[in-house]
Structures are given as C-alpha cells and as structure tokens.
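Q: Hi! Could you walk me through the ligand site in this one, and then the surface?

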Amino acid sequence: MKSPIVVCGTGIVGMALALTLARRGQAVTLLGPKLQIASAETDDFHPRVYAISPASQLFLTEIGIWPLLPEARLTRVQAMEVYGDAGGRVDLSAWQDARSELAWIVEASELERALIQAVQIVGVPWLSDKFSSIAQRTVTTFSGATLAADLLVGADGAQSPVRQALQLSTEEHAYGHTGVVAHFTSELPHLGAALQWFRQEGVLALLPLPDTSAGHQVSMVWSLRDDLANTLLALPFSDQADYLRNHLALATQGRLGELSLRSEVLGFPLVMSKSPMIGDGVALVGDAAHRIHPLAGQGLNLGLGDAQALVSVISEREDFRSAGDPMVLRRYRRARAEHLMAMRWATDGLHRLFDNPSQPLSWVRNLGMDLVNKLPFIKRRIVSGASG
Ligand SMILES: Cc1cc2nc3c(=O)[nH]c(=O)nc-3n(C[C@H](O)[C@H](O)[C@H](O)COP(=O)(O)OP(=O)(O)OC[C@H]3O[C@@H](n4cnc5c(N)ncnc54)[C@H](O)[C@@H]3O)c2cc1C
C-alpha cells in the first residue's frame, strides 16, 4: 500500500533517504532548497570532507551513488595512527580486520553532486521550498504549498525546523570547542594514513586527500577550544597560514614535514545532542536526530545508518500500517538505539577522557593506549567497530 512520505531536508542524508525510498517503490517527495554544485576543478577540493565508513560505502554502492563518484577524488584510508598527549600511541591497519581500507575520504560536494544526479534520474519529486508547519498529516511550505504526508521525515539538520515544530525535546551539550577545518600541502606523503593527536587544546586529525599539482595534500579537522578557534578564525589568511604552520609543526612533531595552508579556514560549533528520534507521524534522521563529537568522523555515517534503518522498517511494515504508524516508528527508534548510544558513549567518553588535565589520568590514558596497541584482538574489534 502506498503511503505518502515527505522527506524534509536536502542534505546528504535527506537525499540518500528519499532516493532509497523511491527505489523501493515508496511514494516520497523531497522538500528543501535545490543545491547548485559548481563543477570540480582538478586542484580545488571542497572544504568539507567526510570519512565514509565501509558500511556507508556499501549502502551508497547499493543505491547507485558510489559508482558516480570520480575515482580521482576518492582516498582510501588504509591505516590510522592515534597519538596520546603523553607518548601513548595506537596504530590501526585495515589488514587487521582483513579489509582493504578503514574508510574513504570524500568531499561533501562530490556526494551531493552524485545524489542530485541520481535523484533526478530516478525521478524523485523535489519541491524546492522550505518546511513551515504540519497539522493533520498535511505539510505546509513557506510559499504556502501543501503536501499530504502519512510520514514526515526531518532530515533538516542540527536546527531541524521539523523537530522544533513538533516540540520534540532535545538534550544538547556544547563542547566549548569549534571544529576548525582546512586543507594543507604536506612536505611528506600521507601514504593513506589518517593521523590523530589527542592534545590538551583539542583533538587534531589530518586526513589523506589526493595529491595536487602543489604536492601531497591532507585535510585538517581540529576540535579547538572556542577561544583559540575564534582568535585563529579572525586572522587574515597569511597570519592563519603562519599560525597553523607553527602550531601544527609542534603538535605533529613534523610527522608529515612542513604543512602549508592551501584553502580557506572554516569553523563549525561542536555540540552533542540527542532527540527522541520520533514523534506523531514524524521521524528524525541525521543531525536533526543527533549530533556527536567529530573525533571519530561518524556523524554522517550515523545519518546514513538512520536512513537505511528507516527504509527497512517502512518497506517491511504490514499492509494495514501506514508509513507513519506509531509501531513502524517505534521499530525505527529501536533499530537505531543501541548503535547510537554506543557511538555517543565512545565519542563523548574519549573527549572527556582527554579533555581532563589531571596528571595521573594523563598517565593512565597513555598507558592504556600503549596497552591497546599491544593487543591485536582489541585492535581488530576497534577496526571492525569503526567500519560499521
Ligand atoms: C568539523 C566536522 C567534521 C565532520 N567530519 C565528519 C566525517 O568525517 N564523517 C562523518 O560521517 N561525519 C562528519 N561530520 C558530521 C557531518 O558533518 C554531519 O553529521 C552531516 O553533515 C549531517 O548531514 P544531514 O544531512 O543530517 O544535515 P545537513 O547537512 O545539515 O542538511 C540539512 C538540510 O536541511 C535543509 N533544511 C534546513 N531547514 C529546512 C527547512 N525548513 N525546510 C527544508 N529543508 C531545510 C538544509 O538546507 C540542508 O540541506 C563532521 C562534522 C563536523 C562539524
């Protein structure tokens, strides 16, 4: 039985969800602004890049998105080096879990371009407007259009107007850190390794990207204390480049040689949030439903996992139930509960563990890292877990 579904939000999660629902024969409409993605320049990389887990890659392959991504813009992460703040270290390799990669690094713009293309090819109806309100299973847009919806999905990001309209209570906790992102030319090649340093001022990650004509390239995600981040973001480009060259040299101990800034520097506020995931005739997915610290690079992967779970419960529902039936929605919430809790617990816990300046704790956590590094079984579990 066809039951009208409106997916509100045209980010990566919303588009992936609408596309998958349409491919499963569901009556879905996408509601949100149409994006204009400029064509990619060879040496120019989008400032937002994502670590895509093997589970998300499989999902994107199943819905026909992965083959649309240009190979030259994808980077395999084959190893990970994680450094503590007092000499601790953990090395992870894809081969420890018999995999060819731990994750892929992909630009946001490439995923968006492929999704827009696929949504058009499959013919998903797309109303380029914004959600305004919902009453009696009817969605009203900013421009006054109305859409019938047995199920309204809020895929409309961290501020989720859908979540707010339904007055779904959300627990939020600002980390007091900003995610500072930028791309660099590195003197030494990354060799497919993602590098991460847990430091007092925040967690620094350098993710591998394809080489450019200027040399080797990496992308930085630095969860920096708000005061330090604001100072950095307010500087002119040349001062940012000097500041970052010096600070990264110190933080990375020259692991990739000199790092030269080659992109604008952007900052994103870091917040942990969780919502009830469902309401009356409403399901939330992606950042509308939850946000976690980016230290594990899992936020978008969680959103894609939500999309998969929601499509499963909708497709497998009994004939007499609508897509927004409370039982269907409870199945969705149940399907996600354990994984979301585990990821929140892991990312929040790691952040707290390393954010604490206590000397004995510093000693314990670095010793713990060295211990983990000597235990292949534990490392295999970590690699397997991170792969989704
Ligand atoms: C610094 C940093 C690094 C990160 N790195 C990673 C990583 O490596 N890997 C990873 O998996 N995740 C990562 N994340 C998390 C990731 O960025 C988010 O989880 C992901 O972008 C959320 O996607 P989304 O589609 O849910 O939301 P969004 O991308 O915010 O999309 C929401 C959409 O809703 C639309 N919208 C808003 N209001 C309305 C309305 N009224 N009506 C209709 N549409 C509306 C918006 O236009 C937008 O298109 C990182 C996050 C940060 C901050």
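**Ligand site and surface patch**

A: Happy to, starting with a polar contact: a backbone N or O atom of Gly299 lies 3.2 Å from a nitrogen atom of the ligand (a pair of N or O atoms within 3.5 Å counts). This is a predicted model, where local features need pLDDT of at least 70, side-chain atom pairs count only at pLDDT 80 or more, and totals for chains, interfaces and linings use all residues. Residues are numbered from 1 along each chain as its sequence is written, and side-chain values use heavy atoms, with hydrogens and water left out.

Q: How far is the backbone N or O atom of Phe131 from a nitrogen atom of the ligand?
A: That distance for Phe131 is 2.9 Å.

Q: And Val13, to an oxygen atom of the ligand?
A: There a backbone N or O atom of Val13 sits 3.3 Å away.

Q: How much of the ligand does the protein bury?
A: The protein buries 83% of the 1000 Å² that the ligand exposes when taken alone (Shrake-Rupley areas, 1.4 Å probe).

Q: Which residues come nearest?
A: Ala51, Phe131, Asp287, Gly297 and Leu300, out of 30 around the ligand (a heavy atom within 4 Å).

Q: What's the shell like by class?
A: It has 16 nonpolar, 10 polar and 4 charged residues, with Gly counted as polar.

Q: Switching topic, which residues form the nonpolar patch on the surface?
A: Leu371, Leu375, Phe377, Ile378 and Ile382, with about 440 Å² of accessible area together. Patch residues have over 30% relative accessible area and no salt bridge (Lys or Arg side-chain nitrogen within 4 Å of an Asp or Glu carboxyl oxygen), and nonpolar side chains are joined within 5 Å.

Conventions:
Polar contact = N/O pair within 3.5 Å; in protein donor to acceptor, adjacent residues only side chain to side chain. Patch = residues over 30% accessible without salt bridge, like charges linked within 9 Å, V, L, I, M, F, W, Y side chains within 5 Å.
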